[in-house]
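Here are a few notes to read alongside the model. Take them in any order you like after the opening point.

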2 protein chains.
Amino acid sequence: MQHRVVVVGAGFGGLEVVKDLAGALVGITLIDRRNHHLFQPLLYQVATASLATSEIAWPIRSLVRDRPEITTVLANVTGVDAARRHVLLQDGKTVPYDTLVLATGARHAYFGHDEWEPFALGLKTLEDATTIRRRILMAFEQAERETDPTRQAALLTFVIVGAGPTGVEMAGTIAELARDTLRREFRNIDTARARVVLIEAGPRVLAGFPDDLSDYALRSLRKLGVEVELGRAVSDCTADSVAYGDVRLATRTIIWAAGVRASPAAEWLDAPADRAGRLEVMPDLTVPGHPDIFAIGDVVTVAGPTGKPVPGIAPAAKQEGKHVAGIIKARLGGKTEPMPFRYRHQGSLAQIGKRRAVIDFGRIKLRGALAWWLWGAAHIYFLIGSRARLSVAINWLWIHARNQRSARLITQGEAADLSLAKQAEPPAPGRIR
Amino acid sequence: MQHRVVVVGAGFGGLEVVKDLAGALVGITLIDRRNHHLFQPLLYQVATASLATSEIAWPIRSLVRDRPEITTVLANVTGVDAARRHVLLQDGKTVPYDTLVLATGARHAYFGHDEWEPFALGLKTLEDATTIRRRILMAFEQAERETDPTRQAALLTFVIVGAGPTGVEMAGTIAELARDTLRREFRNIDTARARVVLIEAGPRVLAGFPDDLSDYALRSLRKLGVEVELGRAVSDCTADSVAYGDVRLATRTIIWAAGVRASPAAEWLDAPADRAGRLEVMPDLTVPGHPDIFAIGDVVTVAGPTGKPVPGIAPAAKQEGKHVAGIIKARLGGKTEPMPFRYRHQGSLAQIGKRRAVIDFGRIKLRGALAWWLWGAAHIYFLIGSRARLSVAINWLWIHARNQRSARLITQGEAADLSLAKQAEPPAPGRIR
């Protein structure tokens, strides 16, 4: 009977496995709880009204439509029965496998402070992005109508926690939104006076980059008017303030780009995991004691060549996916010798603002306008399909030339649902009337 | 002191008033409960995954950014104090006016059967559209996994109530979605077997068009595989069925394109209104007894030249807005003689499916491919800004050439929130985790 491969998660890693198994004599079931693959690296641009959701997300079915051996299943996986080789779904159904690949990713985490979640908005899904977009735009709308200067100042204070690539990119883009895009559109407030505060517990921004690029990023952020607070750990988040160091800052908008926690795959298998819940896999990316179960991407921790862990970025997940597909094909061919995964770091990119980016290719380091153009070209190249590439290019052109951001829409709930009292709650349902 | 004009509603009518008052020595306050102007005529294309929300909606502020005399207010209007000349807002604030223009539009209505609302989805806001999109796409996803043939058939039955332009366009597009776009992407179901049923109480589809164009539309819909039920009034809508004539049809998706009810402006003013709540205005579009209050668009009923009421379409609202702006300017110039509104019907357009449309210019009648190209060109022309025009043109090109629809995203809530049990409820909130 045909070998059955089940892949859980249609992110960068899971899709790469499926892609590389093309032509192999296997039946593939691809399970995801969403109907779309998401281009995570540009999700912050949806959150900042620069791109539309449909420009960075694609229906999984359409990506594999020409592969009749692939069955796409939209469902929540709740566990794995490793003894009977079944994946368990929330609706009670099960999916049998011969080889299982877990690529279930990670979610933002609050270092044991889950009570911060309603106030400190994470950015992992399209809903997260449209929620952040709504919250940012509503803060300006409410500030415009607020007569009390103290409340107005709080509404015009935007706090980003965590100065990795996402935090830096969010901070820079929000600053540009306030200073360029919105400036001439309000009558009672000067949006350029909005405070954008980036709080980082570590000693520098973009800690994954070389010192000189970090310094350049820091200078660029400050040029954009971003207040960067280094070496300050956040100690509290509430509906109307954030506390760090000995400061408590009044704000209505806190964006959380600080920590992630792996999805519960380790619990499914009762397998060893690190403090962030990441599976500690064998050198060949199998789960210890389960040679027929692989795990890749943000749900695992695996040592890179230099000994420090492989970073949680798309290229790493893709390399792991390619490696796993290779092992599966080798095993089908009867080869069983262990094939350890070797990570090759191709480079790190981060955009700081219009015409400013940093790129670290190891030997070659780039910053400034050239780096920004390369950053843009690379991201457009990695989008799926000419339609999305064309469409994103057009949007970036408009932002670049006219500071017009195309997706400045406040959706989910109406103005009345978005009173200050409601600001701290999860998004209100889109009301039918 | 400067004359204060307050416009409530930034739809086609309200925006036209504001636009035509450019250069007049007035202060303008533009109030809307949403932050965006919506291009209603293409909303059904968001509901059918053809277009992205940001391609048919624009931030109101950005549309009037170059008009410093205009103040944009995002708020819910709850009433009018005509004696003190104040507009009352939900947050308790008031906005004083010298001249008031009510352009608050209409909402879908259920002929006194509001209990149908959770089951029969209306299409007036971006949230309505993304909800319908999610419901349609989820029905196919659930049918793919459904083993009981009866339930599967119900999931693959899509009912549209009302065969006006919106109903006809929805029915045709859903049929194409099922037969062309989705066909090769499912493994357990043949999406082309999906039933699309269009129910109309009247004797023909597109009743506003001449008979021969109605007949052509009917034939075209049937060519697309749409089951058209004429002369059948819907008598009941539930979570899993619709009743019409002596039939009760099992379905999980009912789309309501049958009736509208005006927003409550008539109640605010205690003014005469028709059965649909539309203000009965004077020939000059003022509210009886309130010469300083105008009402335009879908919130009013006004007789056209032929005696029958002016249709509730964008060009009519624009003409009314232009007329009101003209009166306001004339009054500022000291002219007070009455200026009755005269409606000029420029034509009616409706798309039935790819390469099929009907256009009625009165003397000239068009149908088929040429009409479809004209329909597309006209709609792209009326979009706001080159960015949206370019972006919509690209999407239509892709649909036309490849049957690829760019916005097939199931958002708001996750797969788990969308079990059959939940299908009948209003959209679940986009969960933060």
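**Notes on the model**

1. Let's start with one residue: B:Asp66 has 54% relative accessibility, which puts it in the exposed class. This is a predicted model, so please read everything below in that light. B:Asp66 pairs with A:Arg184 in a salt bridge, 2.1 Å from N to O. That pair runs between chains, from the loop between helix H3 (60-63) and strand E5 (70-74) of chain B to the loop between H6 and strand E13 (195-200) of chain A. A:Arg184 comes out as partly exposed, at 45%.

2. How far can you trust the model? Chain A has a mean pLDDT of 92, with 95% of its residues at 70 or more, and the scores are ipTM 0.90 and pTM 0.92. The stretch to watch is residues 413-433 of chain A, where pLDDT stays under 50. Where pLDDT is low, don't read the predicted coordinates in detail.

3. How do the two copies relate? A turn of 180° with a shift of 0.0 Å along the axis lays chain B on chain A, with an RMSD of 0.0 Å. That is what a two-fold axis does. The copies meet through the same surface, because 100% of the interface residues of chain B are interface residues in chain A too.

4. Back to salt bridges: the structure has 44 over all chains. One of them joins B:Glu141 and A:Arg61, with the closest N and O atoms 2.7 Å apart. This one also crosses between chains, linking helix H4 (residues 126-145) of chain B to helix H3 (residues 60-63) of chain A. Both ends are buried: B:Glu141 has a relative accessible area of 8% and A:Arg61 has 3%.

5. Another pair worth a look is A:Arg65 with B:Glu185, at 3.4 Å from N to O. It goes from the loop between H3 and strand E5 (70-74) of chain A to the loop between helix H6 (165-181) and strand E13 (195-200) of chain B. A:Arg65 is buried at 11%, and B:Glu185 is buried at 2%.

6. Which charged residue is buried yet has no salt bridge? A:Glu169. The nearest side chain of opposite charge, A:Lys124, is 12 Å away. A:Glu169 sits in helix H6 (residues 165-181) of chain A, and its contacts include A:Pro41, A:Tyr44 and A:Trp375.

7. Finally, an unreviewed UniProt entry annotates residues 4-321 of chain A as "domain: FAD/NAD(P)-binding". In the model, that span is 28% helix and 29% strand, and its end C-alpha atoms lie 17 Å apart.

Notes. Residues numbered from 1 in each chain as written. Chains lettered and ligands numbered in written order. Predicted model: local features only at pLDDT ≥ 70, side-chain atom pairs only at ≥ 80, totals over all residues. Heavy atoms only, no water. pLDDT = per-residue confidence, 0-100. Contact = heavy atoms within 4.5 Å. Helix = DSSP H or I, 4+ residues; strand = E, 2+ residues; numbered from the N terminus. Buried < 20%, exposed > 50% of the residue type's maximum accessible area, 1.4 Å probe, protein only. Lys, Arg positive; Asp, Glu negative; His and termini not counted. Salt bridge = Lys/Arg side-chain N within 4 Å of Asp/Glu carboxyl O. UniProt positions renumbered as here; feature names shortened; annotations may be inferred. Least-squares fit on C-alpha atoms with pLDDT ≥ 70 in both. Lists of a residue's contacts leave out its neighbours within four places in sequence.
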